[in-house]
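Reader: Please take one part of this model and go through it closely. Then show me how that part sits within the rest.

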Amino acid sequence: MTSTPLIEARGLSKTFWVHRKDAGLWGSVRSLVVRRKDAKEAVRDVSFRVDEGELVGLVGANGAGKTTVLKMLAGIVHPTGGDVRVLGKIPWHRDDALRSRMSLVMGQKQQLWWDLPAADGFLLLKEIYRVPEARYRETLGHLVELLQVEEELGVQLRRLSLGERMKMELIAALLHSPRVVYLDEPTLGLDLGAQRAIREFVLDYRRRFQPAMVVTSHYMEDIERLCERILILRQGQLVYDGPRRDVVERFARSKILTAHVRHPPGDGARVSLSQLGEVRVDGDTIRLEVPRERVTSAAAALMEICDVVDLSIEEEPLGHIIERLQRARRGEAGGDSGDGGGP
Amino acid sequence: MLRYLRLYACFVRFSLSRAMEFRVDFFFRVVMDIVFYAVHLAFFTVLYRHTEILGGWDLDQIYVFAAGLFVIDALQMTIFSNNLWWLPIFINRGDLDYYLVRPVSSLFFLSVRDFAANSVLNVLIAFGILVWALGRYPEPLGWVEVVSFVVLLGLGTYLQYLVRMAFIVPVFWLHSARGLDEIAWSFHKLSQRPHRIYAPFLRWAMLTVIPVAFFGSFPAAVLFDGLTPVAVLHAMAVTAMLLAFVRWFWNRGLRAYSSASS
Amino acid sequence: MTGPYLHVLGLETRKLMSYRADFWLHTVVAFAVQMAIAFFLWRAIFDATGEGSIGGFAFDGMVAYYVLALLIGRLVRGKEREITIARDIYEGALSRYLLFPASYGGMKYAEHLGALAPAALQVVVLGGLAAVAVPAPAGFEISPATVAMATVVVAFANLLAFLLRFPIQAVAFWADNVWSLNVMLRFVTEFLGGLLLPLSLFPEVAQKAMAWLPFQYFFYFPVAVLIGKVDPEAWLRGLGVMALWCCLLGLLGAWVWRRGIRTYAGVGI
């Protein structure tokens with residue numbers, strides 16, 4: 001696997017300045033004269049590469065720098081340091097050859113015309129991206145079929161549901177068959193059904209066209225279903241770059257025991273259980289979170305304390321781990337920053 | 001070039017299908033502009049009760065000059081105004097992102113994407129007034145002059161857009177609601193009177209650095225005084241300089257935008 | 001009971017004062033440009049005709065007229081380009097106001113008054129500069145009495161300006177794009193009110209008709225009162241016409257408002 005990567009970022013950094021204004025009249029007058037600025041390091045020394053056909057998840061808390069990284073890759077934001085090559089070109093030079101071959105979807109901003117049917121917007125994009133008529137028809141037909149939105153094509157965007165709108169946005173982004181696709185929160189605010197449809201579509205698209213894709217999402221399910229490889233950002237720094245599955249092995253600290261019991265535990269039983277780990281009782285279901293190394297002894301103890309009908313042992317959910325990584329201060333997350341370098 | 005024309009055709013088509021939804025707005029705009037034209041013509045009519053000549057022009061000539069102003073104003077409203085209204089808002093909200101990732105000039109896209117179909121009737125009315133004013137003009141007019149007058153009205157529309165743009169681009173740094181657009185409108189008011197009434201320095205500025213004289217006065221002067229090679233060169237030089245400046249300034253603005261946003 | 005209104009008034013003032021340099025720059029540039037246009041326009045006309053006086057004004061008097069009309073007009077009209085009432089209706093912010101235990105019209109009038117603070121400051125600064133730059137022209141008889149009379153007119157006219165704008169903005173209950181109506185109103189006000197030309201230049205008949213319209217009370221009338229061209233009797237008559245218009249427009253506003261509220265969908269609550 002030594003093909004040239006479609007996306008390559010080296011030492012990417014972004015510092016920007018925030019103006020501050022105090023409340024009240026005096027603050028307003030002061031800001032007329034002096035403007036105070038604070039430096040904010042949004043992204044620090046981030047390096048990674050994405051190859052053809054890869055779908056990489058970019059995760060982190062709000063403000064960890066996900067969107068900034070994505071915008072730098074798309075050429076919208078100028079980095080303060082470091083270097084990016086997308087399809088061998090520097091994205092913020094914004095030359096047409098590169099812009100014709102990449103695409104950006106933002107869940108919280110829409111690109112299509114609000115008062116017009118999506119079909120009209122697609123026609124405009126066809127002109128913008130110079131898609132030949134025959135290929136346009138073929139691609140559109142295919143995408144519309146995959147997402148099952150034939151009926152909605154002629155309806156004004158503002159009359160569509162959020163999920164349908166997002167499907168249209170995806171079609172709009174893929175009409176020109178981009179080689180590089182950035183998806184920023186593509187499932188934001190969607191119901192479970194629509195989320196699933198979008199995910200299946202993205203996977204299918206990837207299978208067929210093998211673009212390089214980077215996706216950010218707040219929904220762990222998106223990341224778990226879509227991405228084999230993830231990048232974890234914390235306070236602008238890359239703290240993990242590698243297979244999704246390895247995150248659990250490297251960072252998970254606990255396992256979760258879920259037991260169904262014949263009789264709900266009494267007070268005495270609850271006290272004994274709470275000595276094993278974090279416990280939550282819901283009727284005849286007991287959920288016990290215990291450190292990984294003590295999982296067998298905890299399971300044995302649990303069976304002794306209660307009359308267990310059924311017991312399952314699971315890994316700590318990915319979302320938990322990432323959340324914990326975000327909270328931890330630098331250096332004590334247990335992870336050393338991005339070695340691995342991808343699959 | 002051809003591609004940009006095709007894009008523009010798309011914008012016009014969009015706007016037509018959207019305009020059908022806002023018929024009341026369409027009506028308001030027509031009435032608003034008729035009031036605007038009426039007030040202007042009445043202003044000059046009242047003024048000429050007390051003088052026979054203003055900036056070298058008599059009332060018949062002033063009507064032609066005013067009609068030229070109306071045509072430029074209507075074209076401006078139709079082609080550029082909506083876009084220039086939204087542009088500072090987009091910049092301030094950080095909504096340029098989608099325009100920056102497209103393989104099309106962002107300046108072109110953001111300047112003309114919103115064609116105001118509901119102002120098309122105003123253009124027709126303004127042209128109607130122009131035909132009326134030219135028709136009642138007692139002296140003979142050369143056809144070369146009439147054609148260059150009409151062409152210069154088109155150029156005036158474009159220059160008016162460029163001037164406003166030059167005053168809007170500072171929004172990238174000022175982050176104020178409308179930038180210096182209000183100031184551009186103030187200067188624009190200078191153009192509503194014949195440029196020859198102004199002091200030499202001001203007149204020079206209006207013909208060069210802030211070329212508001214091109215919004216009506218310069219075309220009318222060419223119509224009445226004849227088209228000279230100097231006038232042609234002058235118009236071309238002013239356009240080229242301003243266009244170069246606006247493009248340079250816009251690119252600087254985009255740099256500021258992309259280094260400030262997160 | 002004036003508590004909330006006073007607070008709104010103060011807030012509005014602060015909002016305007018905190019505008020950045022471009023606001024103040026615009027104020028100065030707009031004034032300078034409008035004065036330049038008036039100056040050169042009348043210079044050209046006086047030069048072309050060789051007349052000593054036009055419409056009762058000598059050249060310096062004419063320039064002074066425009067200074068006064070512009071400054072007084074700012075006091076009368078406040079933030080005249082704003083269409084906050086229409087915006088409240090479009091964007092659904094009205095719902096929030098309707099929950100307040102205060103009258104919406106009262107709140108908005110307080111806002112309107114609050115917007116006067118920067119205008120008043122401008123009048124003091126620009127008026128002071130103009131007083132130094134332009135010597136008092138012949139035929140202007142400004143006395144404490146005329147200042148007092150003009151102040152009453154301005155206060156009245158300010159209310160009138162608000163009442164005139166209110167029903168027009170309330171059209172927003174039924175139609176998009178009230179801004180074009182607002183612009184139209186501005187054109188008419190500036191022309192028939194005497195901001196573009198002193199009304200004494202208009203034909204007799206037109207002048208008589210305009211005395212019955214509300215517009216001249218925004219510019220021409222207060223200036224004429226200030227420079228001593230209006231006798232107390234005509235002054236009282238003017239106040240009477242203004243009072244009539246205030247009642248008429250107030251009733252119209254209340255009526256439009258009641259009908260509008262009924263159709264108000266509460267968009268985007």
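**A covered helix in chain A**

Author: The buried residues of H4(A) are covered by elements that include helix H5 (133-147) and H6 of chain A, together with H1 of chain B. This is a predicted model. Start with the helix itself. Helix H4 of chain A spans residues 118-128 and is mostly covered. Eight of its eleven residues are buried. The list opens with A:Ala118, A:Asp120, A:Gly121 and A:Phe122. A:Leu124, A:Leu125, A:Lys126 and A:Ile128 are buried too. Note that A:Asp120 and A:Lys126 are on that list. One general point helps in reading it. An α-helix has 3.6 residues a turn, so residues three or four places apart point the same way. After H4(A) comes A:Arg130. Its phi is positive, near 50°.

Now the cover. H6 of chain A is among the elements over the buried residues of H4(A). Helix H6 covers residues 162-174 of chain A. H6(A) lies across S5 and strand S6 (180-184) of chain A. It runs at about 165° to S5(A). That leads to the sheet.

The sheet of chain A is open and has six strands. Their order is S5-S6-S7-S3-S8-S9, with mixed pairing. Strand S5 (102-106) and strand S9 (237-243) of chain A are the edges, each pairing on one side only. From one strand to the next, the twist averages 15°. Look at one pair in detail. Strand S3 (residues 55-59) and strand S8 (residues 229-234) of chain A run parallel, joined by four bridges. In this pair, A:Val56 stands opposite A:Arg229 of S8(A).

Back to the cover, and to the other chain. H1 of chain B also helps cover the buried residues of H4(A). The contact between these chains takes 27 residues from chain A and 22 residues from chain B. On the chain B side, helix H1 (2-19), helix H4 (97-100) and helix H12 (229-260) each supply at least two residues. H1(B) gives the most, with seven residues. By type, the chain B side that touches chain A has nine nonpolar, five polar and eight charged residues.

What sort of chain does H1(B) belong to? Chain B has twelve helices and zero strands. From the N terminus on, every element in its run is α: α-α-α-α-α-α-α-α-α-α-α-α. Its C-alpha atoms fill a box of roughly 60 × 45 × 35 Å along the principal axes. A compact globule of 262 residues would have a radius of gyration near 18 Å; chain B has 19 Å, which agrees. Of the 262 residues of chain B, 44% count as buried. Take contacts in chain B between residues at least 6 apart in sequence: 80% join residues at least 24 apart.

Chain C can be set beside it. Chain C has twelve helices and zero strands. Its pattern along the sequence is α-α-α-α-α-α-α-α-α-α-α-α. Of its 269 residues, 40% count as buried. Among contacts in chain C with a separation of 6 or more, residues 24 or more positions apart account for 83%.

To return to the start: the buried residues of H4(A) have cover from chain A, including H5 and H6, and from H1 of chain B.

Technical notes:
Residues are numbered from 1 along each chain as its sequence is written. Chains are lettered from A and ligands numbered from 1 in the order in which they are written. This is a predicted model: local features need pLDDT of at least 70, side-chain atom pairs count only at pLDDT 80 or more; totals for chains, interfaces and linings use all residues. Two residues are in contact if their C-beta atoms, placed from the backbone, lie within 7 Å. Ala, Val, Leu, Ile, Met, Phe, Trp, Tyr, Cys and Pro count as nonpolar, Asp, Glu, Lys and Arg as charged, and the others, Gly among them, as polar. Two strands pair if DSSP finds at least two bridges between them. Axes are lines fitted to C-alpha atoms, for helices over the stretch in contact, and angles run from 0 to 180 degrees between N-to-C directions. The radius of gyration is taken over C-alpha atoms; the globule rule is 2.2 Å times the number of residues to the power 0.38. A residue is buried if 20 or more other C-beta atoms lie within 10 Å of its own, exposed if 12 or fewer, and partly exposed in between; C-beta atoms are placed from the backbone.
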